Amino acid sequence: MWTVVLEEISEFVGGRAAALVFKDSGSAFVEARYQFGIDPNRVRLYSETYSKFDPFAALAFVGGGQIVSLPDLVCFEEYCKGRFYQEWAVPQGWIDVASAVLDKSATSYVFLSVFRGIADGMVDDEMRRRMSLVIPHVRRAALIGKVISLKREEAQTFADTFDGLGAGMFLVDGRGQIIHANSAGSAILSEGSVLRSMNGQLVAGEAQINKTLRDKFAMVDQGDAALGTKGLALPLRAPDGERYVVHVLPLASEARLRAGVAHTAIAAVFVRKAILETRSAPEVIGLTYKLTPTELRVLLAVVEVGGVPEVAAALGVAQTTIKTHVSRLFEKTGTSRQADLVKLVAGFSTPLAD
């Protein structure tokens, strides 16, 4: 809505155009993010070329809410001889600008500028008076917009983080409606074998498990402490026999309930195959136990293939060679059984998606 607002502000204070401008203190780049009355091509030229010549790029040194015009910042006669005025302002019929800083931080600031037409003359006391009436409201709106943007960025950061997980994850409300699904969760829904979405609701393929999920979601939504904060785990089985495990983590903490904070998502549901996770970072295992490349190869083969005979056949070497490497693995890792080696590798598994 900023375009409409800037048009009304410009008309009220006696200007021909207006812009809400953002400036990074660490660079010469200035962005007229919202504007009225400025040709889009001129906006592009301003951002790419002329912003570094704009006298108002020095507004970082002006106090918040203080209204300034060009003569307050530079020698006006010299300004009129410069590129910014000759090549950017004059072609648009502008002679002066009234600006005020709305918000300022250590790294950036935002200001409102209203452009004065040549036919209207320089910024006068009446324009400053009217600007002073507008500035507090624009400043408040800009700060609210900043908070909203930060919340959006925070939400996007969480979404990106969840998408990086290897397990499927769903945020649901008290009725089991899906509020958010990560990439792995969306893939599970697309398969539709163990979980699917029906009218936006998370539904399990097995009727009894589905009823249990519904009951648990309702318990959390009603603040039932019986479920606790650790959640619960449920088994799932796909039609092809693949087994999965579902973890339900309540999000309705006592602290949030006492604070009376309104929240839509009442539980996080994590879904993964019920298998030993062996997708690990082999280089980390090798560095941890100072394994040679061959020893690391044998270790991973033990996990993926099986015992000594199977590994020897898979790698095309003698069983005695594999036994020698396994003995060295036992010595370096402090284990004594092949099953312990499998557990060791599983302990280095990553929760991140491929």
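**Figure 1. Overview of the chain in the predicted model, with its 14 helices and twelve strands.** The structure shown is a predicted model, and buried residues account for 38% of the 354 residues in its chain. When contacts between residues at least 6 apart in sequence are considered, 55% of them join residues that are at least 24 apart.

**Figure 2. Close-up of the packing of helix H1 against helix H6.** Helix H1, which spans residues 2-13, packs on helix H6, which spans residues 125-163, at an angle of about 160°, and the axes of the two helices lie 9 Å apart. Angles over 145 degrees count as roughly antiparallel, and H1 and H6 are therefore roughly antiparallel to each other. The crossing that H1 and H6 make is right-handed.

**Figure 3. Close-up of the residues through which H1 and H6 meet.** From H1, the residues Trp2, Ile9, Phe12 and Val13 take part in the contact, and on the side of H6 they meet Met127, Arg130, Met131, Leu133, Val134, Val138, Ala141 and Ala142. By class, the residues of this contact of H1 with H6 comprise eleven nonpolar and one charged, with no polar residue among them.

**Figure 4. Close-up of cysteine 75 and cysteine 80, in a structure that holds zero disulfides.** Cysteine 75 is in no disulfide, and the cysteine sulfur nearest to its own, that of cysteine 80, is 8.8 Å away. A disulfide would require a pair of cysteine sulfur atoms within 2.5 Å. Cysteine 80 is likewise in no disulfide, its nearest cysteine sulfur being that of cysteine 75, at 8.8 Å. As for their surroundings, cysteine 75 counts as partly exposed because its relative accessibility is 40%, whereas cysteine 80, at 17% relative accessibility, counts as buried.

**Figure 5. Close-up of glutamine 338 in helix H14.** Glutamine 338 belongs to helix H14, which covers residues 338-346, and with a relative accessible area of 28% glutamine 338 is partly exposed. When its neighbours within four places in sequence are left aside, glutamine 338 is in contact with Val302, Gly306, Gly307, Val308 and Phe330. The view also includes valine 303, which is 35 residues away from glutamine 338 along the chain, although the C-alpha atoms of these two residues are separated by 8.4 Å.

Technical notes. Residues are numbered from 1 along each chain as its sequence is written. This is a predicted model: local features need pLDDT of at least 70, side-chain atom pairs count only at pLDDT 80 or more; totals for chains, interfaces and linings use all residues. Side-chain values use heavy atoms; hydrogens and water are left out. Axes are lines fitted to C-alpha atoms, for helices over the stretch in contact, and angles run from 0 to 180 degrees between N-to-C directions. Helices (H or I, at least four residues) and strands (E, at least two) are DSSP runs, numbered from the N terminus. Angles under 35 degrees count as roughly parallel, over 145 as roughly antiparallel, 65 to 115 as roughly perpendicular and the rest as oblique. A crossing is left-handed if the near helix is turned anticlockwise from the far one by less than a right angle, and right-handed if clockwise. Contact means heavy atoms within 4.5 Å. Ala, Val, Leu, Ile, Met, Phe, Trp, Tyr, Cys and Pro count as nonpolar, Asp, Glu, Lys and Arg as charged, and the others, Gly among them, as polar. Buried means under 20% relative accessible area, exposed over 50%, partly exposed in between (1.4 Å probe, protein chains only).
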